[in-house]
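The following exercises are to be worked with the sequence and the model side by side. Each task is followed by a solution in steps.

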Amino acid sequence: MSFFGLGPSSPASIYLLPLKAERPPPPHLLRRPWHMFRTILDPGSDVVLKWNRVFLVACLVALFLDPLYFYLMFMGGPACMSIDPGLGIIVTFFRTVADLFYLAHMVLKFRTAFVAPSSRVFGRGDLVRDPRQIAMRYLKKDFVLDLAAMLPLPQILIWFVIPAVSSSSANHTNNTLSMIVFIQYIPRFLLIFPLNERIVKATGVVTKDAWAGAAYNLLLYMLASHILGASWYLLSMERQYTCWLTECGKENGSMNMPMCNPSFLDCSNLELPERKAWMNATSVISSCDATSSGVKFNFGMFSDALTDEVVGATFMSKYFYCLWWGLRNLSSYGQNLTTSTYIGETSFAILICLVGLVLFALLIGNVQTYLQSSTVRREEWRVKTRDIEEWMRHRQLPPDLRDRVNRFVQYKWLATRGVNEDSILGSLPLDLRREIRRHLCLNLLLRVQFFSEMDDQLLDAICERLVLSLSTKDTYIVREGDPVNEMLFIIRGQLETSTTNGGRSGFFNSTTLRPGEFCGEELLTWALTPKPSINLPLSTQTVRALSEVEAFALQAEDLKFVANQFKRLHSKKLQHAFRFYSQQWRSWGASFIQTAWRRYVKKKLARELAKQESLYYSRESANAIPFNDNAPLLAEYADVGDSALGDTTESSIRLGTTILASKFAKNTKRGANQKLKRDDPASLINMNVPMLMMKPDEPDFSFTEDNVE
């Protein structure tokens, strides 16, 4: 049956056919997300290292949250204690989130390989990836500690145990909760040390930045102050409750007074008639008032909390006051504390003194270490600068040399920041060192047009052997006639090259080299010689820095090695590029063209002048000019015999030549007495042609017969 008039054989009906069902993916692909949880992780992998850092932050947050349970109890009324349910809900929620990180850390430990102890004889060792062995090792070693730190004991106590016990008072509930939090705080605190050790063992440091390391140690010190302040608040509340309970025990119903029931000290019984009647006649409040000077009960170091009414303030107010109290006494080792004879109070004061002494020493030492690590290079440079100054003063160097030395030291510090790059690269593998050299040098090296004609293999070989060369202003890198021991390729700055063409008098040529150009090409000629001499070539130029110059230097032995190992350096293409970009060849070419042009102009002017004077005197001789007896003889100036003048039937060309020679002699004698006029064409002929610059030595590019064109 057709659909909309289209039969089954209609061409258009193929678009209405059902699509072919795709093959379902294989089962192992469907299980891929779960398969990731069964993967054994390398303890040195990036995933494990990142997780350790995240878990370290989670542990610090958990250590911050647990002491907040100590702030739950507060004075909810006259002579009664209560628990803040809102604060309990907030703290419990965030603690549950922190407990999930502990649980995830336990799961991850079951899937993390470990290094077999027997394989640590050489190198890193062999990883054990058997899940059974990993699980057995973890259960025997760290499982109990991690489980004790992970259990949500405060949540179970608050939301399940305490509501089931109807007769529990606020003080009893707070004491039980504080004891459980304190007991579980010990494994959570001990868990920090192996975690910190694993991070340092894998990466070398906890934080890469020195300032972050100092902030990390300061954060640990603040965490200790936070714990101390919360404990002081909890003990203050306990001390206040102890006073109430002691005075309440004295009111036993004698002398027509209402009997004091300890349950009256709980704010849940605040509206009971018996308590109201007791409040009208009791002396518990006045006997436990820390603000009164006549109170017999000694509150000791906890009087500040009760005097300043910290126990009845809002949470933020009492938290920051307790944090300040803990930080102050931890930094002063508890020297300002005034304690009673109560053993628990004196023990707490002793603990403050010892912990403050240890933590403050660790804080100062670690912060100083981290801060010094950020300025160690600067301090080394300062000491080195001082030593150089003392040495120059001891050797009595002149002020100009001192200024040049100081400028160079300062410029080197700005360029390298005191880091020895060669020592860093020398400790790396060859392949990694080659990649770093290529990254650092290749883009700068390609600015030199001569290198843009080379292939990648040759460039890599040159990059491996390049060293950074720094030169300050007015520094002479090489002088004419000195041996050339390196070839410089300018990256930044300008150099001035000058030559006297081997010391010839009256010859001087000067040019400026800019970024992308090079000098010391005599070394390339020496390196390309099949059997180079032991002696280095002599420089034909004097090179001086016009400003601060950063350049790459290629030493003589390195250039010789590259020339011998790579045939590409002997190609005709590089030969033409070398001649084109070489400043020495450019100077020689300019000198050659200038000399040839002046010779051409001189010959051209001489021919024009000879032609014009020949025609002129030919016309004069045709007009039969009489012979002048006073005319100088040609023999006096041209050193020819009398026979040269005897023949009067010579052709007009010979006559013109004779007259031309006479004219040159007259001009020569006249030039001894007066200056030649600039508009006289004959004066250009008598000018000295400039001396041609010596042709540079041409490199031997004929390394093989089948050179690469």
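**Exercise 1. Two annotated segments**

Over residues 216-235, what percentage of the chain is helix, what percentage is strand, and how far apart are the end C-alpha atoms?

Solution. The model is a predicted one, in which local features need pLDDT of at least 70 and side-chain atom pairs count only at pLDDT 80 or more, while totals for chains, interfaces and linings use all residues. Residues are numbered from 1 along each chain as its sequence is written, and side-chain values use heavy atoms, with hydrogens and water left out.

Step 1. Residues 216-235 are 100% helix and 0% strand, with end C-alpha atoms 29 Å apart. Helices (H or I, at least four residues) and strands (E, at least two) are DSSP runs, numbered from the N terminus.

Step 2. For residues 54-74 the values are 57% helix and 10% strand, and the end C-alpha atoms lie 35 Å apart.

Step 3. Both segments appear in the UniProt record (unreviewed entry) under "transmembrane region", which lists residues 54-74, 86-104, 143-165, 177-195, 216-235, 310-327 and 348-367. UniProt positions are given in the numbering used here, feature names are shortened, and annotations may be inferred rather than shown by experiment.

**Exercise 2. The chain as a whole**

State the secondary-structure content, the buried share and the share of contacts between residues 24 or more positions apart.

Solution. Step 1. The chain contains 27 helices and 12 strands.

Step 2. Of its 709 residues, 35% are buried (buried: under 20% relative accessible area; exposed: over 50%; partly exposed: in between; 1.4 Å probe, protein chains only).

Step 3. Among contacts (heavy atoms within 4.5 Å) with a separation of 6 or more, 74% involve residues 24 or more positions apart.

**Exercise 3. Helix 14**

Determine the span of helix 14 and the placement of its buried residues.

Solution. Step 1. Helix 14 (residues 315-331) has 17 residues and reaches 24 Å from its first C-alpha to its last, close to the expected 24 Å. The expected span of a helix is 1.5 Å times one less than its number of residues.

Step 2. Its buried residues are Lys318, Tyr319, Cys322, Leu323, Trp325, Gly326, Asn329 and Leu330. They lie on the same side of helix 14, because they cover an arc of only 160° around the axis; the arc is that of the directions from the helix axis to the C-beta atoms.

Step 3. Just after helix 14, Tyr333 has a positive phi of about 60°.

**Exercise 4. The sheet 5-12-7-10**

Describe the sheet with the order 5-12-7-10, its pairings and the helix that packs on it.

Solution. Step 1. This is an open sheet of four strands with antiparallel pairing; two strands pair if DSSP finds at least two bridges between them.

Step 2. Strand 5 (467-471) and strand 10 (518-519) each have a single partner strand, so one side of each lacks a neighbour in the sheet.

Step 3. Helix 16 (residues 399-416) packs on the sheet, where it touches strand 5 and strand 12, and its direction makes about 140° with that of strand 5. Axes are lines fitted to C-alpha atoms, for helices over the stretch in contact, and angles run from 0 to 180 degrees between N-to-C directions.

Step 4. Strand 7 (residues 486-492) is joined to strand 12 (residues 549-555) by six bridges, and Arg492 stands opposite Glu550. Two bridges join strand 7 to strand 10, where Phe518 is the bridge partner of Phe489.

Step 5. Because five of its seven residues are buried, strand 7 is largely enclosed by the rest of the structure.

**Exercise 5. The sheet 6-11-8-9**

Which strands form the edges of the sheet with the order 6-11-8-9?

Solution. Step 1. The sheet is open and has four strands in antiparallel pairing. Its edge strands are strand 6 (476-478) and strand 9 (509-513), each pairing on one side only.

Step 2. Neighbouring strands are turned by 25° against each other on average, direction ignored.

Step 3. Strand 8 (residues 495-499) and strand 11 (residues 542-545) pair over four bridges, with Val543 as the bridge partner of Thr497.

**Exercise 6. A residue in helix 4**

Is His105 buried or exposed, and which residues does His105 touch?

Solution. Step 1. His105 belongs to helix 4 (residues 85-110) and counts as buried at 3% relative accessibility.

Step 2. Not counting residues up to four places away in sequence, His105 touches Trp51, Asn52, Phe55 and Arg198.
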